[in-house]
Amino acid sequence: MSDVQDESRLSQWGALAGGLAHEIKNPLSTMNISLQLLEEDLRERPQVGSAKLLPRVELLTSEVQRLQRIVNDFLKLAKAPELDLKELDPNTLVEAIQAFVLPEFERQSVALAIQLDRAAGSIRVDPDLVRQALLNIIRNALQAMPDGGTLTVQTIASDEVFRIEFIDTGAGMDAGVRARVFDGFFSTRPGGTGIGLAITRQIIQLHGGDVICESAPGLGSKFTVTLPIHGPEGA
């Protein structure tokens, strides 16, 4: 590995570590303040009712859980998984996810339109990892449409690659947000860790593919996943 590659890798790890430290610091600060207030209440009023204590306990629980999610997601991103490649009809991945997420879409009044290219043959992928990558995109689209909308998922097959397009009717993103949408620990959603799409890109690139985002304010977003039919080179 060249010096330039070493520096780039170290820079990437430095940015990730810095983001992790920042994300951990905020919930820990909230936990510390809440614990101090809880301790003061217990010292001053030993018989204080649960009505006042419960919201603070719930806040602590929520922040601890968020911290666990951040750390778990960081570990997923930091360690590149090994691929367990299998030959399958890629449309089955989309169909399996459709059945899984449909209740979430119905609760949020978001329509899910699936358009499958039935001419697709088989493709070599790790089904569990690709399913996770696609699910991250779908959930990101769902979060972009809190007041309802439509997500269209369509597959397109060719001799060399298989494409999956995700088109939502959400608010869309400006150029600044779009440029960072796959960066780890970048999120515009309160409480979001910004890890999901970073993991998606990592998984797709491990397969020798790519994922791109097209978006503009007021026009929704389109994510396109491209996977080589025969799997990653050398696999």
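In what order do the five strands of the open sheet run? Keep the structure open and we will find out together.

**Before you start**

This is a predicted model: local features need pLDDT of at least 70, side-chain atom pairs count only at pLDDT 80 or more, and totals for chains, interfaces and linings use all residues. Residues are numbered from 1 along each chain as its sequence is written, and side-chain values use heavy atoms, with hydrogens and water left out.

**Stop 1: the whole chain**

Show the protein chain as a cartoon. It has six helices and seven strands; here helices (H or I, at least four residues) and strands (E, at least two) are DSSP runs, numbered from the N terminus. Following the chain from the N terminus, you meet the elements as α-α-β-α-β-β-α-β-β-α-α-β-β.

Now switch on the surface. The accessible surface comes to about 13200 Å², and 52% of it belongs to carbon and sulfur atoms; such areas come from the Shrake-Rupley method with a 1.4 Å probe, and for residues only the protein chains shown count as cover. Of the 235 residues, 38% count as buried. Buried means under 20% relative accessible area, exposed over 50%, and partly exposed in between (1.4 Å probe, protein chains only).

**Stop 2: the sheet**

Here is the answer to the opening question: the five strands of the open sheet come in the order 2-4-5-7-6, with mixed pairing. Two strands pair if DSSP finds at least two bridges between them. Select 110–115 and 210–215 to see the edge strands, strand 2 and strand 6, each of which pairs on one side only.

Next, select residues 149–157 and 161–168. These are strand 4 and strand 5, which run antiparallel and are joined by seven bridges. Look for Gln 154, which stands opposite Glu 165 in strand 5.

**Stop 3: the hairpin**

Go to strand 6 and add residues 221–228, which are strand 7; six bridges join these two antiparallel strands. Val 211 stands opposite Val 225 in strand 7. The two strands form a hairpin with five residues between them, and Gly 218 in the turn has a positive phi of about 80 degrees.

Show the side chains of strand 6. Val 211, Cys 213 and Ser 215 make up its covered face, while Asp 210, Ile 212 and Glu 214 are on the uncovered one.

Then pick Thr 224, which lies in strand 7. Is Thr 224 buried or exposed? Its relative accessibility is 7%, so Thr 224 counts as buried. Leaving aside neighbours within four places in sequence, the contacts of Thr 224 include Arg 163, Glu 165 and Val 211; contact means heavy atoms within 4.5 Å.

**Stop 4: helix 4**

Select residues 127–143. At 1.5 Å a residue, the 17 residues of helix 4 should span 24 Å, and its end C-alpha atoms are 24 Å apart, which agrees. The expected span is 1.5 Å times one less than the number of residues.

Among the buried residues of helix 4 are Val 130, Leu 134, Ile 137 and Ala 141. An α-helix has 3.6 residues a turn, so residues three or four places apart point the same way.

At the start of helix 4, find Asp 126: one of its side-chain oxygens reaches to within 3.2 Å of the backbone nitrogen of Asp 128.

**Stop 5: His 207**

Select His 207, in the loop between helix 6 and strand 6. At 1% relative accessibility, His 207 counts as buried. A polar atom of the His 207 side chain lies 2.9 Å from the backbone nitrogen of Asp 126. Beyond its neighbours within four places in sequence, His 207 is in contact with residues including Leu 83, Val 130, Leu 227 and Pro 232.

Gly 208, which follows helix 6, has a positive phi, near 80 degrees.

**Stop 6: helix 6 and Val 181**

Select residues 196–206 for helix 6, where the buried residues include Leu 197, Ile 199 and Ile 203. Add Val 181, in the loop between helix 5 (175–180) and helix 6. Val 181 is buried, with a relative accessible area of 9%. Although Val 181 and Leu 197 are 16 residues apart along the chain, their C-alpha atoms are separated by 7.1 Å.

**Last stop: Ser 109**

Finish at Ser 109, in the loop between helix 3 (91–107) and strand 2. Ser 109 is exposed, with a relative accessible area of 57%. Its phi is near 55 degrees, a positive value in a residue other than glycine.

Methods: Polar contact = N/O pair within 3.5 Å; in protein donor to acceptor, adjacent residues only side chain to side chain.
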